[in-house]
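Trainee: I would like a close look at one part of this model: the place where the two chains meet. Please take me through it, and then through the contact inside the partner chain.

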Amino acid sequence: MRSWKNHVRGELQQRDQTEKLPFIGVFTSLSQMEERFEFRKTFLDDVQSKSLDRGGRESEHLAEKLSQTVSDLTTVLYLKEAELQYWQSRVSHYRQEALSLAKRSNTLKTTLSEFEYTIECQSKELAALRNEQKGINEALALACREKDELLQRWMEEKREEADRLNKYNDAQERWQRVAKHLKKHLHSERKKEFVPIVTNSWYGEK
Amino acid sequence: MADDKDVLRDVWFGRIPTCFLLNQDEVTEREAEPYYLLLPRVSYLTLVTDKVKKHFHKVIRTEDAEEMWFEYEGTPLKWHYPIGVLFDLHASNTVLPWSITVHFKNFPDRDLLHCPSHSVIEAHFMSSIKEADALKHKSQVVNDMQKKDHKQLWMGLQNDKFDQFWAMNRKLMEYPTEDGGFRFIPFRIYQTMSDRPFIQKQYRPVSPEGNVHTLGDLMKAMYPVALSNEGEPKRFQVVIHGIEPLLETPLQWLSEHLSHPDNFLHICVIPVPSD
């Protein structure tokens with residue numbers, strides 16, 4: 001219970017303890033005594049003035065009281081009827097509300113079970129996809145290893161090829177040097193051979 | 001609402017013990033005895049004082065008896081304010097029973113409205129209910145009621161029938177849950193130290209940001225002088241139905257539970273008594 005509400009309740013009770021309760025007893029008694037006094041006074045006056053009419057007056061007073069009681073009871077009945085009507089309308093309102101809430105609850109349950117089913121399917125799909133991903137990752141790792149090996153082999157071959165080419169080039173160079181040297185030698189030999197031929201013909205004529 | 005029915009009952013059955021004394025200037029055939037009555041806080045003076053009138057008419061001459069009016073310590077009492085408001089405003093610190101002086105002469109026309117019959121009180125009461133409903137529901141609830149429903153409200157007050165009155169009044173206290181309360185709170189703030197009769201403005205139960213307005217918020221907005229600053233001694237009491245609710249009490253709850261039968265929340269600001 002909230003403290004401000006308790007405070008109001010407590011203060012109202014405290015107020016009545018001071019203003020109402022100490023006085024209600026004496027004020028009610030006083031009022032009743034006054035009523036009784038008034039009634040007796042009227043009654044006495046009646047008796048004194050018209051003693052013959054007394055019976056008639058008493059019955060008139062009684063009839064008046066009865067009529068007041070009937071009127072009071074009719075008011076109470078009317079009030080209770082109004083209250084009953086109000087509560088009936090509230091019950092019908094709440095029944096309608098309960099029905100609509102039950103309908104909503106059923107719809108929500110159906111939707112919930114549909115969502116649960118969807119979640120289950122998607123979980124399975126996810127598991128399958130994870131397996132597939134695992135296989136692909138393994139294949140990728142294998143392919144990477146193979147690629148590295150091939151690259152190494154290819155590099156080895158290239159190195160060997162380069163060595164071969166270098167040897168070939170060296171050999172070519174050597175051959176060219178030898179050929180040049182030989183050509184030079186051939187030239188010089190040819191020069192030497194040309195001169196004796198002329199001399200020889202000179203010598204032959206002689 | 002149903003949980004707080006005891007609060008509604010306590011409010012409805014609040015009583016003030018009162019002693020009516022005839023003004024000494026009235027010409028009487030014999031000495032007038034005082035008349036004692038427990039006055040309902042939520043009713044109106046002229047509605048519950050037929051017996052007082054009858055009592056004093058016995059001792060004054062018929063030709064001297066003009067319209068009856070009441071006064072407390074020199075202040076004429078406005079019959080169109082609820083009795084509890086008159087007591088809280090003028091006499092909350094008096095010794096009980098409350099002594100009211102009864103007059104049958106020199107009616108103060110400048111201060112009081114005439115009240116020749118109960119139908120005038122009924123008209124005033126129904127007009128207040130309609131005004132309150134215009135603020136709370138744009139008059140939709142009171143206009144949807146039938147004449148007999150209006151009569152039931154009035155008869156409930158006139159005959160002091162709590163159940164009869166609340167069977168109908170609960171309709172005036174309903175509101176859509178999503179709104180969080182009435183459109184505006186019907187309230188009146190009375191003060192003793194001003195010539196202005198009361199403060200009445202439009203004030204919502206919930207702020208535009210969705211915060212619940214409290215009694216403190218209302219007083220701060222309408223009459224900040226009534227609230228004391230921290231560290232300062234308290235100068236004024238904010239009184240409703242003879243009690244001081246906490247300032248954090250939500251205004252909507254107060255309107256539903258501490259309103260008078262006319263559907264207005266009557267708030268009295270009175271100086272703290274100097275003992």
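Mentor: Start with the term: two residues are in contact when heavy atoms lie within 4.5 Å. Keep in mind that this is a predicted model.

Take the chain pair. By that rule, 28 residues of chain A touch 40 residues of chain B. The buried area between chain A and chain B is about 3000 Å². Carbon and sulfur atoms give 62% of that area. In chain A, the residues that lose the most area to chain B are A:Trp4, A:Glu19 and A:Phe27. Together they make up 22% of what that side buries.

Now the polar side of the interface. There are 5 salt bridges between chain A and chain B. A:Arg9 forms a salt bridge with B:Asp6, and the closest N and O atoms are 2.7 Å apart. The rule also finds 12 residue pairs in polar contact across the interface, both residues at pLDDT 80 or more.

Which elements of chain A give two or more residues to the side that touches chain B? They are helix H1 (3–19), helix H2 (21–49) and helix H3 (54–205). H1(A) brings the largest share, 13 residues. By class, this side of chain A has 11 nonpolar, 5 polar and 12 charged residues.

Next, look inside chain B. The chain is divided into domain 1 (14–103), domain 2 (117–174) and domain 3 (175–275). UniProt, in an unreviewed entry, lists residues 185–269 of chain B as "domain: Autophagy protein ATG5 UblB". Over residues 185–269 the chain is 18% helix and 16% strand. The end C-alpha atoms of that stretch are 18 Å apart.

Stay with domains 1 and 2 of chain B. Their centres, taken over C-alpha atoms, are separated by 26 Å. In this pair, 9 residues of domain 1 are in contact with 9 residues of domain 2. The area buried between the two domains is about 790 Å², and carbon and sulfur atoms give 70% of it. On the domain 1 side, B:Tyr44, B:Leu47 and B:Trp79 supply 61% of the area buried against domain 2, more than any other three residues.

The polar count here is 1 salt bridge between domain 1 and domain 2. B:Arg15 forms a salt bridge with B:Asp160, with the closest N and O atoms 2.6 Å apart. There are also 3 residue pairs in polar contact between these domains, both residues at pLDDT 80 or more. By class, the side of domain 1 that touches domain 2 has 4 nonpolar, 3 polar and 2 charged residues.

Conventions: Residues numbered from 1 in each chain as written. Chains lettered and ligands numbered in written order. Predicted model: local features only at pLDDT ≥ 70, side-chain atom pairs only at ≥ 80, totals over all residues. Heavy atoms only, no water. UniProt positions renumbered as here; feature names shortened; annotations may be inferred. Helix = DSSP H or I, 4+ residues; strand = E, 2+ residues; numbered from the N terminus. Buried area = accessible area lost by both parts, 1.4 Å probe. Salt bridge = Lys/Arg side-chain N within 4 Å of Asp/Glu carboxyl O. Polar contact = N/O pair within 3.5 Å; in protein donor to acceptor, adjacent residues only side chain to side chain. Nonpolar A, V, L, I, M, F, W, Y, C, P; charged D, E, K, R; others polar. Domains from an automatic or database assignment.
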